[in-house]
Amino acid sequence: MVWAAFKLSLLVVSVSTAAVAVVGTALAFLLARREFRAKELCDSLITLPMVLPPTVTGYYLILLLGRRGLLGRYLFALTGWTVAFTWEAAAIAAGVMALPLMVKSARAALETIDARYELVSFSLGKGELETFFRVTLPLASRGILAGVVLSFARALGEFGATLMLAGNIRGKTQTMPLAIFEAFISGQDREAQVLAVILTVASVGVIYLTNVLTQRPKAA
Amino acid sequence: MKISSGATAELLCLREAARRLEWRPAFLAALLVTSVVACSPRKHPPQPAPEKREIVVGAAISLREAFLEIGQAFQKQTGTTVRFSFGASGVLEKQIEAGAPLDVFASAGEREMAELQGKGLIQISSRADFARNTLVLVAPVDAKLRLPSLAALAGNEVKRVAIGNPSTVPAGYYAQQLLRSLQLWETLEPKLIPAENVRQVLDYVMRGEVDAGIVYSTDVAIAHGQVKVCAEAPQGKYGPILYPIAILQTAANNPMAHSFESMVLGAEGQTILAKYGFRNTR
């Protein structure tokens with residue numbers, strides 16, 4: 001149980017963090033650098049999972065992606081596949097819950113960059129994409145990295161939305177937090193303890209890493 | 001993060017104080033002592049303890065609607081409020097073992113009650129069975145699959161079957177017992193989706209996330225016509241499903257807990273339970 005949950009958590013968290021890092025940075029860039037209507041509304045919608053109880057987020061995800069959900073029904077009709085009770089569902093739930101942290105950190109980092117650096121790059125004939133990867137991203141790397149680490153932590157700890165969308169199936173969707181829950185309610189305190197210690201150590205590591213990353217380099 | 005301005009001011013003020021003191025351990029100790037003193041109950045002149053006008057009943061989630069109605073009737077008659085905690089019987093059992101302040105426990109399984117009895121947590125003389133139930137195989141009402149019997153679940157077109165998690169959900173271990181005695185467990189195991197309680201099984205079926213599920217016959221009415229009964233589980237292959245009720249040791253002297261149990265076991269409670277499809281134990 002412990003090993004299966006650990007492996008599954010690792011898979012779910014790596015996939016969701018990788019996806020969140022890319023999607024989150026792109027969204028943050030749009031929010032920080034582009035003007036469009038309903039921009040702040042978009043930001044609010046992305047941030048929503050941070051504020052809502054995870055069960056509510058899970059409920060919306062079911063309405064959207066369930067076999068009879070708004071999108072899920074077409075997915076099922078086309079492919080015969082449905083997200084519920086798969087590890088992908090756990091990754092989606094973890095990703096949606098982690099996205100706000102990524103977007104917030106990255107947006108803040110991008111907004112503090114002096115736009116003149118980018119203008120200089122343009123004036124030297126570099127395209128938008130190259131400017132983004134060679135000027136903007138390196139300048140914002142600290143905040144973006146902090147966002148990735150926080151997203152990793154949030155995805156690792158995700159419980160409520162995962163339980164609702166993915167269910168609690170040993171070896172399939174039972175991530176570490178869910179395994180702790182099951183171990184506890186079925187009286188296997190030993191396993192609950194082992195998993196709790198692993199998660200605690202991982203979390204301390206993450207907080208430490210975030211602090212290191214977000215600290216400004218000391219002037220020599 | 002928003003904190004009310006008063007709280008912020010207080011926080012700032014405390015921080016300032018701490019900074020000025022510059023002797024933080026002592027400051028923190030002082031803060032701790034003050035807060036403990038502030039939080040501890042004030043001493044009142046001795047008064048007779050007011051009669052407890054509330055009891056807390058932990059009950060199997062399959063009993064939900066019936067017990068809510070019994071609770072209302074009880075409140076009307078006695079003026080005592082009944083608070084319920086519904087859940088999988090196995091989860092409630094663990095909560096009681098961990099010291100949850102329940103007065104009465106009504107379980108869907110003998111196993112959970114026996115477990116509590118073994119640990120001396122229930123008043124043995126108060127233990128009694130009050131209802132029976134049966135298992136049925138249900139499917140979404142618009143399902144195209146035909147499932148005339150439980151054996152049909154072994155077919156390839158059946159991808160997912162929900163049951164309660166056998167380790168904590170009585171309906172789940174009865175289902176496990178049933179599938180084992182029908183020699184279907186090994187075949188079906190890869191398709192099984194364990195749910196946290198029997199109502200979650202029902203929910204999975206209602207939402208069409210699973211092709212079928214095994215629930216109590218009494219649960220079907222709760223699904224508002226969104227599930228259909230495909231087959232009844234053959235008698236003698238599982239259970240019998242008997243619901244025991246008992247007063248917890250901590251409430252042994254609480255007359256209201258005993259009255260509530262009497263109502264469940266008596267004519268009025270039995271009529272309400274029958275209305276929701278539970279069978280009596282005779």
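These legends go with a set of close-up views of a predicted model with chains A and B.

**View 1. Chain A, a chain with helices and zero strands.**
Start with chain A, where the count is ten helices and zero strands. Read from the N terminus on, the elements go α-α-α-α-α-α-α-α-α-α. Along the principal axes, the C-alpha atoms of chain A take up a box of roughly 65 × 50 × 25 Å. Chain A has 220 residues, and 43% of them are buried. If you look just at contacts in chain A with a separation of 6 or more, 71% are between residues 24 or more positions apart.

**View 2. Chain B, with helices and strands.**
Chain B brings ten helices and ten strands. Its length is 282 residues, and 48% of these count as buried. Take the contacts in chain B between residues at least 6 apart in sequence: 76% of them link residues at least 24 apart. The next views look at two sheets in this chain, one with the order 2-1-3-10-4 and another with the order 7-6-8-5-9.

**View 3. The open sheet with the order 2-1-3-10-4 in chain B.**
Five strands of chain B make up this open sheet, and the pairing is mixed. Which strands stand at the edges? They are strand 2 (81–87) and strand 4 (128–133) of chain B; each has a single partner strand, so one side of each has no neighbour in the sheet. From one strand to the next, the twist averages 20 degrees.

**View 4. Strand 4 beside strand 10 in chain B, and the helices on this sheet.**
Zoom in on strand 4 and strand 10 (residues 241–247) of chain B: they run antiparallel and are joined by five bridges. To find your place, look for D129(B), which sits opposite P244(B) in strand 10 of chain B. Helix 5 (residues 110–118) of chain B lies across strand 3 (104–106), strand 4 and strand 10 of chain B. That helix runs at about 30 degrees to strand 10 of chain B. Helix 9 (residues 255–265) of chain B also packs on the sheet, where it touches strand 1 (54–60), strand 2, strand 3, strand 4 and strand 10 of chain B. The direction of helix 9 makes about 155 degrees with that of strand 10 of chain B.

**View 5. The open sheet with the order 7-6-8-5-9 in chain B.**
Here, too, five strands form an open sheet with mixed pairing. Strand 7 (192–195) and strand 9 (227–232) of chain B are at the edges; each pairs with a single partner strand, so one side of each is left without a neighbour in the sheet. The twist in this sheet averages 35 degrees from one strand to the next.

**View 6. Strand 6 beside strand 7 in chain B, and two helices on this sheet.**
Strand 6 (residues 161–164) of chain B pairs with strand 7 of chain B in the parallel sense, over four bridges. One handy landmark is I163(B), whose bridge partner in strand 7 of chain B is P194(B). Helix 6 (residues 170–181) of chain B packs on the sheet and touches strand 5 (135–140), strand 6, strand 7 and strand 8 (212–216) of chain B. Its direction makes about 115 degrees with that of strand 8 of chain B. Helix 8 (residues 198–206) of chain B packs on the sheet as well, touching strand 5, strand 6, strand 7, strand 8 and strand 9 of chain B. For helix 8, the angle to the direction of strand 8 of chain B is about 145 degrees.

**View 7. The largest pocket, with residues of chains A and B in its lining.**
This pocket has a volume of about 510 Å³. Its lining has 18 residues, and the closest to the centre are R67(A), R68(A), F76(A), G208(B) and D211(B). Sorted by class, the lining has nine charged, five nonpolar and four polar residues.

**View 8. The two cavities of 30 Å³ or more.**
The largest cavity has a volume of about 60 Å³. Of the 13 residues that line it, A108(B), V169(B), P170(B), V198(B) and Y216(B) lie nearest its centre. How many charged residues are in the lining of this largest cavity? There are none: the lining has nine nonpolar and four polar residues. The second largest cavity comes to about 40 Å³. Its lining is S62(B), E65(B), A66(B), R199(B), T218(B), I222(B), Y276(B) and F278(B). By class, that gives four nonpolar, two polar and two charged residues.

Terms used:
Residues numbered from 1 in each chain as written. Chains lettered and ligands numbered in written order. Predicted model: local features only at pLDDT ≥ 70, side-chain atom pairs only at ≥ 80, totals over all residues. Heavy atoms only, no water. 1 Å grid on protein atoms, 1.4 Å probe; cavity = no way out; pocket = protein on both sides within 12 Å on 5 of 7 lines; lining within 4 Å. Points joined across faces, edges and corners; volume = space filled by probe spheres on them. Nonpolar A, V, L, I, M, F, W, Y, C, P; charged D, E, K, R; others polar. Pairing = 2+ DSSP bridges. Axes fitted to C-alpha atoms, helices over the stretch in contact; angles between N-to-C directions. Contact = heavy atoms within 4.5 Å. Buried < 20%, exposed > 50% of the residue type's maximum accessible area, 1.4 Å probe, protein only.
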